[in-house]
Every structure is written in structure tokens, then in C-alpha cells.
Amino acid sequence: MNQNDLLSLVSSVNQNFIGPVLSVLLLGTGLYFTVRLGFIQRYFNDAIRILFRRSGKNGKASKEEGMSPFQALSTAIASQVGTGNIVGVSTALIAGGPGALFWLWMSAIVGMSTNFAEAVLGQLYKTQKEGHIVGGPAYYIRHGMNSKILAGIFSVFFILALGMTGIMVQANSIVDAVSNIIPPAVDKLYIGIGLTVIVGLVLAGGITRIASFAEKVVPLMASIFIFGSIIFICTRISVLPGILADIFHYAFSPKASVGGAMGITVMTTIRYGVSRGLFSNEAGLGSTPHAHAIAKVKNPYDQGLIALIGIGVDLLVCTLTALVILMSGVLETNPEAQGVRVPQLAFDSTFGNAGNIFIAVALFFFALSTIVGWYFFAAQNVRYLFGEKGVWPYRILIMMLILLASMVHVNLIWELADTFNFFLVIPNVIALIYLSPQVMKQCRMLKEEIKASKNEGKKE
């Protein structure tokens with residue numbers, strides 16, 4: 001079976017089975033926790049306050065202590081803000097039309113409550129293993145549900161989904177973006193070699209260097225991209241009302257108004273909006289709890305609330321990317337464009353070649369930080385399955401996969417990522433629902449603390 005045949009097969013399975021089931025499962029889980037937690041999203045402002053208060057007290061932490069809340073959040077955002085925010089958004093708009101952005105919003109908003117639950121459980125069941133603070137779904141499945149088999153299944157699929165296929169997606173996107181701004185004579189393999197060296201240098205420093213990398217790079221890269229996108233939107237502000245109307249209209253329309261495909265069904269729009277939203281914000285995927293679990297906080301619910309911020313940042317970046325693409329009209333003028341080339345053409349339409357370079361640089365740092373974040377998360381699952389002795393072989397495997405990704409078809413990697421994500425979500429969602437009473441207990445404690453804090457403020 002050649003690569004095109006495999007792409008066709010995987011796409012068909014995702015379209016007809018995995019996509020619809022995954023959409024219902026993730027939105028359903030998000031709605032369940034949104035209702036049971038009393039719309040925890042309304043405490044977003046309190047999350048920001050707690051983040052700076054806790055980070056200020058705890059400062060930095062060693063690998064034996066874990067990370068500070070800000071380092072943990074930065075590492076989580078590093079995985080959330082990646083190619084999904086640029087390439088994933090463009091793919092969703094091409095395949096699902098403008099309405100896909102609406103469903104991406106929905107998956108993010110309800111996903112905040114899911115992410116809260118994941119972070120809380122990660123904190124409750126974190127442990128120390130061979131000198132490292134570790135945590136995440138494998139640990140709360142194993143010790144919370146007492147299911148060694150289900151925990152093992154999660155770890156295996158996590159390594160396959162994000163720790164291997166997902167990292168290849170990020171690396172592939174970096175190579176494609178960089179190749180668009182350098183001379184055509186430079187082979188993509190050389191870009192892959194350069195990327196491999198950079199990633200290797202970061203990973204060799206362990207948790208300390210990863211945490212330091214995340215807290216420095218993530219805020220800077222997100223701020224620069226947000227600032228550039230806002231400037232673009234301001235230059236075409238007159239078309240914004242019409243674009244917003246299209247987003248809401250085509251979220252429920254049987255056909256798309258733009259993009260390369262016509263006759264797009266509502267289910268297709270929902271599928272691509274939710275699946276790309278999942279790949280971007282990762283709520284329910286079981287990835288970010290690995291970072292939130294090792295944060296050095298006083299109460300588990302503190303980190304659960306801080307986790308909301310990561311989804312918020314991801315949602316903002318995705319929205320800005322989509323608005324730039326839709327407002328540029330690039331989907332109508334360049335219907336053959338795919339992947340990273342879509343946002344590059346969008347920014348080119350206003351900023352010329354500078355826009356092309358801007359996206360390439362932004363994507364480089366977005367994807368690089370995600371590679372580092374996903375490696376860190378996957379390494380915790382490698383430790384769960386094989387102990388510390390399995391980490392170095394896994395690190396070498398990652399270097400090889402990054403090189404391979406520079407030569408593989410991007411659409412196939414995206415589709416495989418969707419497929420593996422499905423098998424990753426199932427055990428995590430089962431654990432979240434099973435352990436939800438503990439999440440509810442932490443939520444009640446959080447609300448009591450916030451209420452008491454507000455009452456003290458009134459007395460003063």
C-alpha cells in the first residue's frame with residue numbers, strides 16, 4: 001500500500017467513524033464537567049490572580065520538587081500552542097468552512113472544565129519515581145481506578161499519538177514553513193537535521209532546561225504572534241462584521257462558502273472544528289495534566305484553575321489565525337493552498353514577504369515548544385512503562401522521527417494524529433468520569449476559598 005492509498009484509508013475511517021464519535025465524546029465530557037462544576041469557566045479572572053500569587057511564593061523548583069505553577073502552565077501552553085493554532089486552523093477552515101471556527105470555540109469553552117478536571121486529578125495522584133516528580137492520566141488511572149491495564153493502554157497510545165506522530169506533525173510543519181523562506185536549492189533534510197540538533201540540545205538538559213525554555217519562550221512567542229495578528233485585522237477591520245456573520249451562519253449550514261471543497265455537511269464542519277480544536281487545546285486528550293501534575297502548589301484545585309488560562313491563550317491564538325485567513329480572502333484566491341502555506345499567503349496579502357517570514361518564524365517557535373512539551377509528557381509515560389532506563393532510547397527515537405518528518409506527506413501525518421488521538425481519549429475520559437466525585441470535592445473547596453477571600457475583601 002503506497003502513501004496515497006494509506007492516506008485515503010485513514011481519512012475515510014476518521015471521516016465516517018472516529019471524527020463523529022470523538023466530537024460527541026469530547027463535547028459531551030466538556031458539557032458534563034461544565035454543568036457538574038457549576039460553569040467553572042467563570043472563575044477565569046481568579047485563575048490569573050492565583051497564578052501570580054502562587055508563582056510568586058513558590059518561585060522556581062528543582063526536578064525533585066517539580067515546577068512552579070507558572071513553569072507548569074508555560075509547559076502546558078507550549079504543547080497547546082503549536083501547529084494546531086496555525087496549520088490546524090487552516091486545515092479546519094479548508095475542510096469545514098468558516099463554521100468550523102465556531103465549533104472550535106465550543107470545544108475550547110467546554111474543554112476548560114475538562115482541563116480543570118485533568119489538572120486536579122494530576123495533582124491528586126502525582127508521585128515520585130526514580131528521582132523525578134511524575135504524574136498524569138496513567139497515574140490517576142492506575143492509582144485512582146486501580147486499573148493497571150487501562151493505565152498501560154493510555155501510556156502506549158500517548159507515546160504513539162503525541163510522543164511520536166504528534167511530534168512528527170510539529171517537525172513537518174517547521175520544515176515546510178522554513179522551506180518557504182529559504183532558497184529552493186536547500187534540501188528539506190538539512191532543515192530537519194538543524195531542527196534535530198536544536199531539539200536535542202534542549203532535551204539533554206532534562207526537566208530544569210525544559211521548564212526554563214518554556215517559561216521564557218512561550219510568553220514571548222505568543223505575544224509577538226498576537227500583536228502581529230491584531231495589526232493585520234486592524235488593516236481590514238471593515239470586513240470583520242461580515243466574516244463573523246459567516247462563522248455563525250455556516251456553523252449550521254449544509255454547505256461551506258469558501259475553501260477547496262463544496263457540499264460540506266454540518267457533521268464535517270463540526271468534525272474538523274472539534275478535532276482541530278482538540279489537537280490545539282488538548283482538553284480531554286490527557287497531555288497537559290503531565291505538566292500541571294508536577295506544579296508545586298498548595299492545593300490541587302489551584303492548579304486546576306490555572307489550567308483554564310492555557311485554554312484561554314490557545315483559543316485567542318486560534319481565533320486570530322482564523323480571522324486573518326478569512327479576512328484575507330486567501331481561501332478563494334488560492335484554493336489549492338494547503339497547510340502552512342495558507343496563513344503565509346494570508347499575511348503576505350498585507351505585509352508582503354515580511355508576512356511570509358513572520359509566519360515561518362512564529363510557526364518555528366510554536367512547533368518547537370510543542371515538540372519539547374510533548375517529549376516531556378511522553379517521557380513520563382515512558383517512565384511509567386519502562387522506568388528511567390527507557391528515556392534515553394526514546395530520546396534517540398525522537399531525533400530519528402524528526403528527521404523522517406522532514407520527508408513525509410503532511411496530510412497523512414495529520415490524519416494519523418486524529419486516529420491515534422481517538423484511542424488516547426477513550427481511557428482518559430473513562431477515568432475522568434469515574435473519578436469525577438474527587439474533582440467535584442476540589443471544586444467545592446475552591447469556591448469556598450474564593451467566597452471567603454471576597455468576604456475578607458469587603459470587610460477591609
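A residue counts as buried when its relative accessible area is under 20%, as exposed when that area is over 50%, and as partly exposed in between. Keep that in mind while looking at this predicted model.

Take Ile193, which lies in helix H8. Its relative accessible area is 38%, so Ile193 falls in the middle class, partly exposed. Ile193 also has company on the surface: together with Val186, Leu189, Tyr190, Val197, Leu201, Leu404 and Met407, Ile193 forms a nonpolar patch. The accessible area of those residues together comes to about 750 Å². Which helix gives the most to the patch? That would be helix H8, spanning residues 188-203, with 5 residues.

Now for the inside. In soluble globular proteins, nonpolar side chains tend to be buried together. Here, the largest nonpolar core has 152 residues. The members that touch the most others are Ile40, Phe116, Leu195, Leu305, Tyr375 and Ile402. Helix H16 (residues 353-386) is the top contributor to this core, giving 18 residues.

Ile402 is a handy one to zoom in on. What does Ile402 contact once its neighbours within four places in sequence are left aside? The list runs Ile167, Ala171, Gly192, Leu195, Thr196, Val199 and Ile371. Leu195, in that list, is also among the core members that touch the most others.

Two loop residues are worth a look for their backbone angles. Neither Phe39 nor Asn146 is a glycine, yet each has a positive phi. Here they are side by side:

| Residue | Phi | Loop | Relative accessibility |
|---|---|---|---|
| Phe39 | near 55° | between helix H1 (3-36) and H2 | 41%, partly exposed |
| Asn146 | about 55° | between H6 and helix H7 (148-179) | 60%, exposed |

Why do the two get separate labels? Asn146, at 60%, is over the 50% cut-off and counts as exposed, while Phe39, at 41%, sits between the 20% and 50% limits and so counts as partly exposed.

Finally, how confident is the predictor? The protein averages a pLDDT of 84, and 92% of the residues score at least 70. Confidence is highest in helix H6 (residues 137-144), at a mean of 95, and lowest in helix H2 (residues 44-58), at 72. Over residues 256-263, pLDDT stays under 50. The model has 18 contacts beyond four places in sequence for that stretch. A word of caution applies: where pLDDT is low, the predicted coordinates should not be read in detail.

Notes: Residues are numbered from 1 along each chain as its sequence is written. This is a predicted model: local features need pLDDT of at least 70, side-chain atom pairs count only at pLDDT 80 or more; totals for chains, interfaces and linings use all residues. Side-chain values use heavy atoms; hydrogens and water are left out. Patches are made of residues with over 30% relative accessible area and no salt bridge: like charges are joined within 9 Å, nonpolar side chains (Val, Leu, Ile, Met, Phe, Trp, Tyr) within 5 Å. Accessible areas come from the Shrake-Rupley method with a 1.4 Å probe; for residues, only the protein chains shown count as cover. A salt bridge is a side-chain nitrogen of Lys or Arg within 4 Å of a carboxyl oxygen of Asp or Glu. Helices (H or I, at least four residues) and strands (E, at least two) are DSSP runs, numbered from the N terminus. Buried means under 20% relative accessible area, exposed over 50%, partly exposed in between (1.4 Å probe, protein chains only). A nonpolar core is a set of buried Ala, Val, Leu, Ile, Met, Phe, Trp, Tyr and Cys residues joined through side-chain atoms within 4.5 Å. Contact means heavy atoms within 4.5 Å. pLDDT is the predictor's confidence in each residue, from 0 to 100.
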